[in-house]
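User: I would like a close look at a single part of this model, the place where the ligand sits. Please keep to what can be read from the atoms.

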Amino acid sequence: MIVTTDDLFRQAYGKYAVGAYNINNMEQAIGLFEGNARAEAPFIVQIAKGSRDYAGVIMIENIILAAEKMYPDNIFAVHLDHGDEKTCYDCIESGFYSSVMIDASHESFDENVAITQRISSKAHEKGISVEAELGMLGGVEEDINIDEKHAMLTDPDEAKEFVNMSGCDSLAVAIGTSHGAYKFAGGQGLHFERIGAIQKRIPNFPLVMHGSSSVPKSEVDRINAAGGALDESARGVDEDEFARAIRLGVTKVNIDTDGRLVWTRVHREFFNDHPEVFDFRKPGVIMIEEYARFIEQKSTKLMSAGKLRDMRASVS
Ligand code: G3H
Ligand code: 13P
Ligand code: ZN
């Protein structure tokens, strides 16, 4: 059943986070739906512009529809990740998406508000939820001094003003994470004080944490042992920090990189071990199973595992 992110967040806020996973192909889709079915977890399928370009809009959307038919008991939202204004309108018009993200965080505050207002009014006419972003994600580099580092985080007072003016339903905040495999070059982690300060200004308002992959060292080591050349400094969010972030209002956790690492590890190891094989379905089957296991385990850490029944009661 496709629901809005609003439906999901109403139930989840303060208790668990809904995993939002980027997908690009059929193997990821089956693994995602299978893993969440096993975990009995509500979730968000997210499609970025890169995925729409890679698979094609018709293909990626129909892969999701097919997965819904294969797993009729699952409850999930279909979300556009990091949309620009035009792509948001396309997705709102398409009738397929239940949620869109307008990412105008690179614009001035006023322009970000104005663009988000336009998207919110169009989306809400059709019952679609809107995620916006405020603050500059990423770039937490060792050679930037502390003040500059903090300057990139979302300002709590601005967050309150932004939410009141823009009409968005959830807010992606910069709280120390960055996209990709190389977060936290030094010993940094999530900025809990900042998350807490934002929650104080906008209580009960769902916060979104982008750049939430954990980049397990075991995955990086296995990829490199099988011929990969990932930098040993690759590091992500400590999964055990999710629980604290959830209590502070983080309700959606975005994960893409970890899924790519699963794919890379499975395929590198498979072709290393079986150099004579050219039937791609052999590693494909392993990929689906490994991705399903990854999703199931992640749902436990996000505390969304086992919440399907309550979600069903609240949306039906
Ligand atoms: O945050 C962005 C997602 O990781 C999507 O990545 O643009 O390479 O599809 P992509
Ligand atoms: P990761 O690169 O940490 O997986 O973040 C993904 C993301 O934020 C998608 O919007
Ligand atoms: Zn993101």
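User: How far does a polar side-chain atom of Asp256 lie from an oxygen atom of ligand 1?

Analyst: This is a predicted model, and in it a polar side-chain atom of Asp256 lies 2.6 Å from an oxygen atom of ligand 1. Two other residues can be described in a similar way: a polar side-chain atom of Arg260 is 3.1 Å from an oxygen atom of the ligand, and for His82 the distance between a side-chain N or O atom and an oxygen atom of ligand 1 is 3.3 Å. With the protein in place, 65% of the 300 Å² of accessible area that ligand 1 has on its own is covered. The residues that surround ligand 1 are Asn22, Ala48, Gly50, Asp81, His82, His179, Asp256 and Arg260.

Since a bench reader may also ask about the cysteines, they are taken next. The count of disulfides is zero, where a disulfide would need two cysteine sulfur atoms within 2.5 Å. For Cys88, the closest cysteine sulfur belongs to Cys91 and is 6.8 Å away, which is too far for a bond. Cys168 is likewise in no disulfide, as the nearest cysteine sulfur, in Cys88, is 12 Å from its own. Both side chains are shielded by the protein chains: Cys88 counts as buried because its relative accessibility is 0%, and Cys168, with a relative accessible area of 5%, is buried too.

Key:
Residues are numbered from 1 along each chain as its sequence is written. Chains are lettered from A and ligands numbered from 1 in the order in which they are written. This is a predicted model: local features need pLDDT of at least 70, side-chain atom pairs count only at pLDDT 80 or more; totals for chains, interfaces and linings use all residues. Side-chain values use heavy atoms; hydrogens and water are left out. A residue is near a molecule or strand if one of its heavy atoms lies within 4 Å of it. A polar contact is a pair of N or O atoms within 3.5 Å; within protein, one must be able to donate a hydrogen and the other to accept it, and residues adjacent in sequence count only if both atoms are side-chain atoms. Accessible areas come from the Shrake-Rupley method with a 1.4 Å probe; for residues, only the protein chains shown count as cover. Buried means under 20% relative accessible area, exposed over 50%, partly exposed in between (1.4 Å probe, protein chains only).
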